[in-house]
Amino acid sequence: MTEIQLIELTVNGERHELAVEPRRTLVDVLRHDLRLTGTHVGCEHGICGACTVLVDGAPARACLMFAAQAEGCEVRTVESLAAPNGELGDLQRAFSAHHGLQCGFCTPGFLMLAEGYLSERPDATKEEIREVVAANLCRCTGYQTIVEAIDACASARREHA
C-alpha cells in the first residue's frame with residue numbers, strides 16, 4: 001500500500017495543498033503536480049543544476065529535496081522571475097541581451113542560481129560570479145556569456161538601488 005501525505009507548499013507566492021507520496025521529489029511535484037515546467041530535470045543526482053530553485057531565498061537542487069521538506073518554506077521557480085503580464089525580468093533580459101543561453105536547457109537553473117546569489121551578494125565581482133556559476137553545468141555557452149549577463153544585471157541593479 002502506498003502511503004500518501006498531505007503537504008502545503010508555497011510556490012511563487014501561491015499556497016498549494018497536495019497529496020503526495022513522501023518520497024516524491026520537489027522537482028517532480030513542481031513539474032507534474034503544479035505544472036511549473038520551467039524547472040528542468042537533468043541528471044537527477046544534484047550535479048548539473050538544471051533543477052535549481054530558491055528555497056527560502058537560497059538556491060537548492062529540487063531533484064535532491066523531497067517535496068515534504070519544502071513544507072513551510074517559500075519556494076521560487078524560474079516562472080517567478082517574469083512579471084505577471086509575461087514581461088521578462090531584469091535577469092532574464094540580461095541573459096537574452098548577452099546571449100547567456102543557447103539550447104536553453106540549463107538556463108532556468110542558472111537564472112535561479114544567479115537570482116539567489118545576487119540577492120545575497122549584490123556587489124559580486126565577475127570573479128565571484130564565475131566561481132558561483134561553476135556549480136551548474138552548461139554544454140553550449142562556455143560560461144563566459146552567462147557570467148557577463150549576471151554581471152550586467154548586478155551592475156544595473158546596483159545603479160537602480
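In this tour, two residues are in contact, or touch, when heavy atoms of one lie within 4.5 Å of heavy atoms of the other. The model on the screen is a predicted one.

Begin by selecting Y117, which is found in helix α3. With a relative accessible area of 15%, Y117 falls under the 20% limit and is therefore buried. Setting aside residues up to four places away in sequence, you will find that Y117 touches A124, E128, I129 and V132. If you then add Y143, which is 26 residues from Y117 along the chain, the C-alpha atoms of the two turn out to be separated by 16 Å.

Next, keep α3 (107-120) and add α5 (144-160). These helices pack at an angle of about 35 degrees, their axes being 11 Å apart, and their crossing is right-handed. On the α3 side, select F110, A114, E115 and L118, which meet I146, I150, A154 and R157 of α5. Sorted by character, the residues of this contact comprise six nonpolar and two charged ones, with no polar residue.

Move on to helix α2, residues 90-97, where L91, Q92, A94 and F95 are buried. Looking down the axis of α2, you will see these buried residues within an arc of 160 degrees, so they line one face of the helix. What covers them includes α3 and α5. Just after α2, stop at H99, which takes a positive phi of about 55 degrees.

Now colour the strands. They form an open sheet of five, in the order β2-β1-β5-β3-β4 and with mixed pairing. At the edges stand β2 (14-20) and β4, each of which has a single partner strand, so that one side of each is left without a neighbour in the sheet. From one strand to the next, the twist averages 40 degrees.

At the β2 edge, β1 (residues 5-11) pairs with β2 in the antiparallel sense over seven bridges, and here V11 stands opposite E14. At the β4 edge, β3 (residues 52-55) and β4 (residues 58-61) pair in the antiparallel sense over four bridges, and V53 has A60 as its bridge partner. Two residues lie between β3 and β4 in this hairpin, and in the turn D56 has a positive phi of about 50 degrees.

Finally, show the helices together with the sheet. Helix α1 (residues 26-33) lies across β1, β2, β3 and β5 and runs at about 105 degrees to β2, whereas α3, where the tour began, lies across β3, β4 and β5 and runs at about 30 degrees to β3.

Methods:
Residues numbered from 1 in each chain as written. Predicted model: local features only at pLDDT ≥ 70, side-chain atom pairs only at ≥ 80, totals over all residues. Heavy atoms only, no water. Pairing = 2+ DSSP bridges. Buried < 20%, exposed > 50% of the residue type's maximum accessible area, 1.4 Å probe, protein only. Arc of directions from axis to C-beta. Axes fitted to C-alpha atoms, helices over the stretch in contact; angles between N-to-C directions. Left-handed = near helix turned anticlockwise from the far one by under 90°. Nonpolar A, V, L, I, M, F, W, Y, C, P; charged D, E, K, R; others polar.
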